[in-house]
Amino acid sequence: MFRDITLGQYFPGNSIVHRLDPRFKIIMTVIFIVTLFIGQSAVSLELGGVFCVMAIVLSRIPWKLILKSLKPIVLILVITSLLNLFFIKDGLPVFEWRFIKITETGINTSVFMVVRIALLIAGTSLLTYTTSPIMLTDAIESLLSPLKAVRFPVHDLAMMMTIALRFVPTLIEETDKIMSAQKARGVDLDGGKIMDRIRSVVPIIIPLFVSAVRRAGELATAMECRCYRGGVGRTKMRSLKFGPADIIALLISIYFLAAVIFVNAKL
Amino acid sequence: MNLIKAEKLSFRYDDESEYVFRDLDLTFRQGEMAAVLGHNGCGKSTFAKHLNAILLPTGGKVYIDGIDTCDESKIYDIRRQVGMVFQNPDNQIVATIVEEDVAFALENLGVPPKEIRERVDEALQAVGMYKYRMHSPHQLSGGQKQRVAIAGIIAMRPKCIVLDEPTAMLDPIGRKKVMNTIKKLNNQFGITIILITHYMEEAAQCGRVIVMDEGKVLLDDEPKEVFSHIELLKQVGLDVPQVTEFIWELKKKGVNIDTHIIDEEECSSILLKLLS
């Protein structure tokens with residue numbers, strides 16, 4: 001039942017987008033989000049769209065996957081467009097019937113919002129499609145490292161993320177085992193009313209928790225045996241390095257941001 | 001030379017509980033391979049945790065290469081010298097990629113990145129897991145994971161490795177491969193091995209066998225000598241290797257035979273001689 005969950009939806013590949021420094025990819029994603037949100041006109045949205053499509057093409061991620069990432073937000077898209085369509089009352093009326101009034105501005109805004117949200121999701125999921133979870137963790141640790149100055153536990157946070165990622169498959173396997181064990185003892189996990197179903201989760205969750213706590217204890221001992229003492233004085237085998245390609249990519253995204261600011265100023 | 005020396009070692013978890021062991025004296029020489037046997041709760045795992053300062057003695061002392069384990073300023077020197085491998089391979093692997101996990105201890109010790117790379121490759125080759133270096137741990141079998149855990153320890157270049165029932169959760173093939181790896185580390189690299197185990201066949205492969213019972217050392221000798229005390233071992237709930245038991249039964253039936261046998265081939269050659 002849990003077999004098909006893949007964490008972080010990483011799609012392995014060797015495209016130029018995959019090979020970019022993960023720190024730069026995170027920064028570029030942030031710039032992309034800002035670009036989308038400050039854009040006021042259709043032209044600025046088109047610019048964002050061009051950038052997004054360019055990145056997707058370069059990443060060689062199948063379009064099907066990009067569409068799949070949009071699936072969970074279809075409902076949000078529909079609601080947003082309907083709200084904008086019916087509640088914006090100014091502008092030229094296109095259609096009027098009793099209290100319903102659809103205006104040109106309403107149509108424009110609703111299309112604008114839908115495209116903006118779709119681009120937002122497509123662009124950000126490209127980050128997780130092209131970057132492995134471990135690279136993301138490394139990048140987050142590196143990007144947050146200035147916060148060490150204000151005693152923010154950056155290393156500890158990254159370590160927790162790594163361990164969580166490491167134990168997801170282990171705990172999924174364990175859940176499967178516990179479910180089989182409970183079924184063998186006659187627990188009905190599938191049928192029954194909603195309340196029965198909720199109650200039947202208890203005999204799975206409790207053994208899972210007990211085992212997770214025990215694992216954590218053992219892992220802590222094993223880490224101590226390997227001289228773990230937090231982030232102080234720690235080195236890394238693989239350090240992140242950026243090259244000309246990363247800088248060019250960053251400059252391109254800044255160029256798009258600048259273009260949108262320019263378009264805005266002209267309005 | 002004595003690498004590990006426990007003097008009058010006593011330990012209890014808190015003031016109210018009973019002593020796990022009392023006045024235990026044990027030494028281990030550099031380069032030896034010793035097995036520790038004993039039924040559950042005899043104190044062997046607790047003893048093992050004293051060897052790298054995970055637990056500190058209630059009474060007595062433990063010295064690792066002359067360093068007292070109570071000396072807090074030397075704690076990482078001790079842990080680098082005496083590595084420890086546990087029963088469940090899943091609960092000792094930290095990273096999501098094999099080579100990252102092997103590098104973990106070295107990163108903690110602040111080794112420069114270039115040297116980490118070299119030592120990680122070396123360690124993975126020593127346990128025969130080099131071609132799996134980019135795999136994620138959950139893609140590996142139990143035996144492979146346990147070898148990765150061992151690689152993570154030998155990357156520190158310790159003088160001694162303590163293995164607490166490393167094969168208990170493995171299938172026969174994985175068990176054999178892990179045992180071969182351990183023996184290789186002892187033979188080729190001269191690493192001292194202390195193997196806590198439930199399998200008599202594994203103990204028979206070591207140069208020395210220590211039998212513990214209720215916090216005391218019951219027997220401490222070569223495997224042949226230890227396993228010749230069959231009745232004593234059975235009394236404390238332990239077995240002997242199958243061949244030893246077989247020979248012993250023959251002797252009971254009146255066959256004139258030497259019971260100091262722990263090896264299958266030795267057993268078959270003696271039987272052949274008897275029959276001809």
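Between chain B and chain A, about 3,100 Å² of area is buried, and carbon and sulfur atoms give 57% of that figure; the model from which this value is computed is a predicted one. The contact itself draws 38 residues from chain B and 27 residues from chain A.

Turning to the polar side of this interface, the rule finds 4 salt bridges across chain B and chain A, and among the salt bridges is one in which the side chains of Glu100(B) and Arg238(A) meet, with an N to O distance of 2.7 Å. Residue pairs in polar contact across the interface of chain B and chain A number 15, where both residues are at pLDDT 80 or more. On the side of chain B that touches chain A, the elements giving two or more residues are α2 (75–81), α3 (98–108), α4 (113–126) and α5 (142–154) of chain B, and of these α3(B) gives the most, with 9 residues. The residues on that side of chain B comprise 20 nonpolar, 9 polar and 9 charged.

Chain A, on the other side of the contact, has a secondary structure of 11 helices and 2 strands, and its elements follow the order α-α-α-α-α-β-β-α-α-α-α-α-α from the N terminus on. The radius of gyration of chain A is 24 Å, whereas a compact globule of 267 residues would have one near 18 Å, and the C-alpha atoms of chain A fill a box of roughly 70 × 55 × 35 Å along the principal axes. Of the 267 residues of chain A, 41% count as buried. Among the contacts in chain A with a separation of 6 or more, 73% are between residues 24 or more positions apart.

Notes: Residues are numbered from 1 along each chain as its sequence is written. Chains are lettered from A and ligands numbered from 1 in the order in which they are written. Side-chain values use heavy atoms; hydrogens and water are left out. Contact means heavy atoms within 4.5 Å. Buried area is the accessible area (1.4 Å probe) that two parts lose on being put together, summed over both. A polar contact is a pair of N or O atoms within 3.5 Å; within protein, one must be able to donate a hydrogen and the other to accept it, and residues adjacent in sequence count only if both atoms are side-chain atoms. Helices (H or I, at least four residues) and strands (E, at least two) are DSSP runs, numbered from the N terminus. Ala, Val, Leu, Ile, Met, Phe, Trp, Tyr, Cys and Pro count as nonpolar, Asp, Glu, Lys and Arg as charged, and the others, Gly among them, as polar. The radius of gyration is taken over C-alpha atoms; the globule rule is 2.2 Å times the number of residues to the power 0.38. Buried means under 20% relative accessible area, exposed over 50%, partly exposed in between (1.4 Å probe, protein chains only).
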